[in-house]
Amino acid sequence: TPGHIDHLLRSSRFHRQDDLPFADLLTEAVFHCELVLYPGVVADVVANMFPYDNMTDTCKVLKCLIELQARKGTSHHYSYAPGINVLEGIAAAIARAGDPEAIRLLWEYFDVSGQEPSMGVYESTAVTFAQNSENFRSAFAVLEEMQSRNLKPHRAFFRSMSKPISYDTHG
């Protein structure tokens, strides 16, 4: 029932991600029960997912954040905007996993929320796309976007991006 789901989600602050399927509970609350959740409850669920290494759950939570932000102003006035450090952590985990669909969801969140991505998010996005030759064009599009925004990547970024490209072309 919605009351039980709300209660379990509120307990996420005191549990880790493996204690209960918090991503599934959040999905149920947002898409099926249409509960109006307090931002702190959602923030706790997102924080407890650290280090964001389960891409299935990460994608579920990103979809929930997108939906909650899209509803802002219609069914509630809350903002469900994780801090940029949390979003950078999610982006870095996605880059480690090399999951282009997850990084696209993260960018959809930025579009819906109006939050500005940081240099770290741009870098993780480019690295994610660079891990597969089918996405090289997208990786270079991210670099062009960074250049148009006058963002100067770090030296370590170029190393991390060049490895998958060189392995793909010479491996």
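This passage describes helix α8, a serine of helix α7 and the cysteines of a predicted model. Local features were considered only at pLDDT of at least 70 and side-chain atom pairs only at pLDDT 80 or more, whereas totals for chains, interfaces and linings use all residues. Residues are numbered from 1 along each chain as its sequence is written, and side-chain values rest on heavy atoms, with hydrogens and water left out.

Helix α8 comprises the 13 residues 136-148, helices being DSSP runs of H or I of at least four residues, numbered from the N terminus. At 1.5 Å a residue, counted over one less than the number of residues, the expected span of α8 is 18 Å, which agrees with the 18 Å between its end C-alpha atoms. Its buried residues (under 20% relative accessible area with a 1.4 Å probe, protein chains only) are F136, A139, V142, L143 and M146. Seen down the axis of α8, these residues fall within an arc of 120°, taken from the directions from the helix axis to the C-beta atoms, so they line one face of the helix. An α-helix has 3.6 residues a turn, so residues three or four places apart point the same way. On the other side of α8, R137, E144 and S148 are exposed, that is, over 50%. Just after α8, N150 adopts a positive phi of about 60°.

In helix α7 (residues 119-130), S124 is buried, with a relative accessible area of 11%. Neighbours within four places in sequence aside, S124 is in contact (heavy atoms within 4.5 Å) with A91, A92 and A95.

The structure holds zero disulfides, defined as pairs of cysteine sulfur atoms within 2.5 Å. C59 counts as buried at 14% relative accessibility, while C33, at 23%, counts as partly exposed, the class between the buried and exposed limits.

How values were computed: Helix = DSSP H or I, 4+ residues; strand = E, 2+ residues; numbered from the N terminus.
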